Amino acid sequence: MPETNWAGNLTYRAATIHRPTSLDELRERVANTPRLRVLGSRHSFNAIADGDELVSLEALPAAIEIDRDAATVSLNPAVRYGVLAEHLQQHGLALHNLASLPHISVGGAVATATHGSGDAQGNLATAVAALELVTSDGELLRVRRGDPDFDGIVVALGALGAVTRITLDAEPTYDVRQDVFEGMAWDALLDELGVVMAAGDSVSVFTRWGEDVDQVWVKTRVGAGPQEIRDDLVGARPATVDRHPILGIDPVNCTPQLGRPGPWFERLPHFRMGFTPSNGDELQSEFHVARVDGPEAIAALRAIAPSFAALVQVTELRTIAADALWLSTQHGRDTLAIHFTWVSDAAGVERALAAIEPALAPFAARPHWGKVFRATAEELAPRYPRHAEFLALMERLDPRGAFVDDWLRDRLGC
């Protein structure tokens, strides 16, 4: 039976998926396969992980190892964040942030600069302290933060080799409370966007582009002192029952709200690890603009919202801190992310993107590498100051182009 991604909108063209059980087996496979791509948790909505042949790392040992002296944890990148989080919690440790879904693999999230939320929080890849990868000649390359080219190797879209081990920064465990606010006016959001996004350590604004903003989810670390209890957020009032990001859907699968403190990994994601938030019957797109341009970018989308709103299940607005990783969507600029969860209508989404991407072009919007977008290498290259250096790095680490496919050529111009 043909293999598909999580959303079911992509059937992988590869006839073979290799599942090595040891590092030596993986090295031999990489060295002797003309073209291959590494397959993660399949939560990408485009062909970034497709290729002539695929290799999955899920059969390799998870080997989660904690180094308390260095305050790090290392693991097989196929491990999913929910599994890693529970392991860390058992040892009194945590990560600085998590994405909305704990079901995704560490390696896939890092490779595509997937992120959580927070004005002061870098994306998930910024926690990488070291990694190792098998290059196309079967050799094992190890790099650490501070090494030459490290910032180019971390977020690499799978273009440099098969990452076999990732080391992440860890910190002492902490609790988080989650509060939801409803009924915010658009004018209030646009006038006070900075205030709204600074209301907690991680903030998500949900909208369906109607008359008002639907919800604002505020996640705040709980310290030893008294907690600040808000009864208003620029005109929005606290919800009195748990909510789903899409109003009207049962919140049973969502993480607890109403200000009830709980462990970081049970509050930072929007959805519980033990449940799948949907059956995958959706498409996703996401665009990243400089945070200072956020109000103008949102206003530009509101102006054309009638052309796409009927296709939107929900849109989420979040902020992420700037970083130095070459292909990160946050490279060099504090960022506002505009995330679309679409109904499963590929043709309709394509038409919507034909309006959305030109509207966001004045803001040099960078699309999330793992989601649906139209932009080509010609448009994307100027938006990444280290683009040419990354192509040179590809040539150096993969001179035979073993990890290059049509999707990468179209998006990177390699």
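Biologist: In what order do the three strands of the open sheet stand?

Modeller: Happy to start there, and bear in mind that this is a predicted model. The three strands are paired in parallel. Strand E1 (17-18) and strand E2 (37-39) stand at the edges, each with a single partner strand, so one side of each has no neighbour in the sheet. The order is therefore E1-E3-E2.

Biologist: Which residue in E3 is the bridge partner of Ile-17?

Modeller: Let's look at how E1 meets strand E3 (residues 54-56): the two run parallel and are joined by two bridges. For Ile-17, the partner in E3 is Leu-54.

Biologist: Is Asp-405 buried or exposed?

Modeller: Asp-405 sits in the loop between helix H10 (387-397) and helix H11 (406-412). Beyond its neighbours within four places in sequence, Asp-405 is in contact with Arg-13, Arg-37, Ala-47, Ile-48 and Asp-50. Its relative accessibility is 5%, and the cut-off for buried is under 20%, so Asp-405 counts as buried.

Biologist: Which helix gives the most to the largest nonpolar core?

Modeller: That core has 108 residues, and those touching the most other members are Leu-84, Leu-168, Trp-264, Phe-308, Phe-340, Trp-342 and Trp-369. Five residues of this core come from one helix, the one that gives the most: H8 (residues 346-360).

Biologist: How many residues make up the other core that lies apart from it?

Modeller: Among the members of this other core are Leu-26, Val-30, Leu-60 and Ala-402. The number of residues in it is eleven.

Biologist: Which residue of the largest core touches Ala-71, Thr-72 and Val-73?

Modeller: We want a residue whose contacts, not counting residues up to four places away in sequence, also include Leu-75, Leu-84, Leu-95 and Val-106. Ala-127, Val-128 and Ala-129 complete its list. The residue is one of those that touch the most other members of the core, Leu-168.

Biologist: How many cavities of 30 Å³ or more are there, and what is the volume of the largest?

Modeller: A search of the whole structure finds three such cavities. The volume of the largest cavity is about 60 Å³.

Biologist: Which strand supplies the largest share of the lining of the largest cavity?

Modeller: The lining includes His-96, Asn-97, Tyr-174, Asp-201, Lys-219, Thr-220 and Arg-221. By class, it divides into three nonpolar, six polar and three charged residues. The largest share, three residues, comes from E13.

Biologist: How many polar residues are in the lining of the second largest cavity?

Modeller: This cavity has a volume of about 40 Å³. It is lined by 13 residues, with Ser-100, Ser-202, Leu-268, His-270 and Arg-318 nearest its centre. Strand E12 (202-207) and strand E17 (312-320) each supply at least two residues of the lining. Alongside three nonpolar and three charged residues, the number of polar ones is seven.

Biologist: What about the second largest pocket: how many residues of its lining come from E13?

Modeller: About 200 Å³ of space lies in this pocket. Its lining has 13 residues, and closest to the centre are Arg-177, Asp-179, Thr-220, Glu-228 and Arg-230. Strand E11 (175-185) and strand E13 (212-222) each supply at least two lining residues. E13 has the largest share, and its number of residues is four.

Biologist: And how many of the residues lining that pocket are charged?

Modeller: The lining also holds five nonpolar and three polar residues. Arg-177, Asp-179, Glu-228 and Arg-230 are among those closest to the pocket's centre. The count of charged residues in the lining is five.

Terms used. Residues are numbered from 1 along each chain as its sequence is written. This is a predicted model: local features need pLDDT of at least 70, side-chain atom pairs count only at pLDDT 80 or more; totals for chains, interfaces and linings use all residues. Side-chain values use heavy atoms; hydrogens and water are left out. On a 1 Å grid over the protein atoms alone, a cavity is a set of points where a 1.4 Å probe fits but cannot get out, and a pocket is an open set with protein on both sides within 12 Å along at least five of seven lines; lining residues have an atom within 4 Å of a point. Grid points are joined across faces, edges and corners, and a volume is the space filled by probe spheres set on the points. Ala, Val, Leu, Ile, Met, Phe, Trp, Tyr, Cys and Pro count as nonpolar, Asp, Glu, Lys and Arg as charged, and the others, Gly among them, as polar. Buried means under 20% relative accessible area, exposed over 50%, partly exposed in between (1.4 Å probe, protein chains only). Contact means heavy atoms within 4.5 Å. A nonpolar core is a set of buried Ala, Val, Leu, Ile, Met, Phe, Trp, Tyr and Cys residues joined through side-chain atoms within 4.5 Å. Two strands pair if DSSP finds at least two bridges between them.
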